[in-house]
Amino acid sequence: EEVVAKLHEYEGVTVEKNAKLPAINNPQRKSREIDVLLTKYMLEEKIHTVIQCKNESKKLGIERIDEFIGFLQDVGIPNQQGILICVNGYTK
């Protein structure tokens with residue numbers, strides 16, 4: 001997470017580690033934690049990019065991708081603005 005955050009530090013972008021966003025589509029949760037949240041403004045509109053980092057011993061399978069998409073939907077972030085990083089790759 002630390003490396004990913006440092007790689008995205010540049011002018012005009014706010015980088016937050018372990019940030020929280022409200023869970024807008026899940027009434028049981030108040031907020032969700034995000035490993036790295038990038039925030040920038042384009043034409044006065046706030047744009048978020050969510051980066052989740054996984055350091056697991058096996059490759060990530062489709063179920064983890066589905067889980068990440070559900071996570072993005074839960075915080076109201078479009079799928080195109082989510083990045084899932086894992087150290088051991090992904091299954092076919």
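**Cysteines, aromatic pair and nonpolar cores**

Me: In which residue is the cysteine sulfur closest to that of Cys-86?
Reply: The two sulfurs are 10.0 Å apart, too far for a bond. This is a predicted model: local features need pLDDT of at least 70, side-chain atom pairs pLDDT 80 or more, and totals for chains, interfaces and linings use all residues. Residues are numbered from 1 along each chain as its sequence is written, and side-chain values use heavy atoms, without hydrogens or water. The closest cysteine sulfur belongs to Cys-53.

Me: How many disulfides does a search of the whole structure find?
Reply: Cys-53 is buried (under 20% relative accessible area; exposed is over 50%, partly exposed in between; 1.4 Å probe, protein chains only) at 17%, and Cys-86 is buried at 14%. The sulfur of Cys-53 is too far from that of Cys-86 for a bond, so the number of disulfides (cysteine sulfurs within 2.5 Å) is zero.

Me: How is the aromatic pair of Phe-68 and Phe-71 arranged, and at what angle between the planes?
Reply: The whole structure holds one aromatic pair (ring centres within 6.5 Å). Both residues are buried and lie three residues apart in helix H2, residues 62–75. Their centres are 6.4 Å apart, and the pair is stacked (under 30 degrees; over 60 is edge-to-face, the rest tilted), with the planes at 10°.

Me: Which element gives the largest share of the largest nonpolar core?
Reply: This core (buried nonpolar residues joined through side-chain atoms within 4.5 Å) has 13 residues. Those with the most contacts inside the core include Leu-21, Leu-37 and Phe-68. Strands E1, E2 and E4 each give two or more residues, but the largest share, four residues, comes from H2.

How values were computed:
Phe/Tyr/Trp six-rings, centres within 6.5 Å; stacked < 30°, edge-to-face > 60°.
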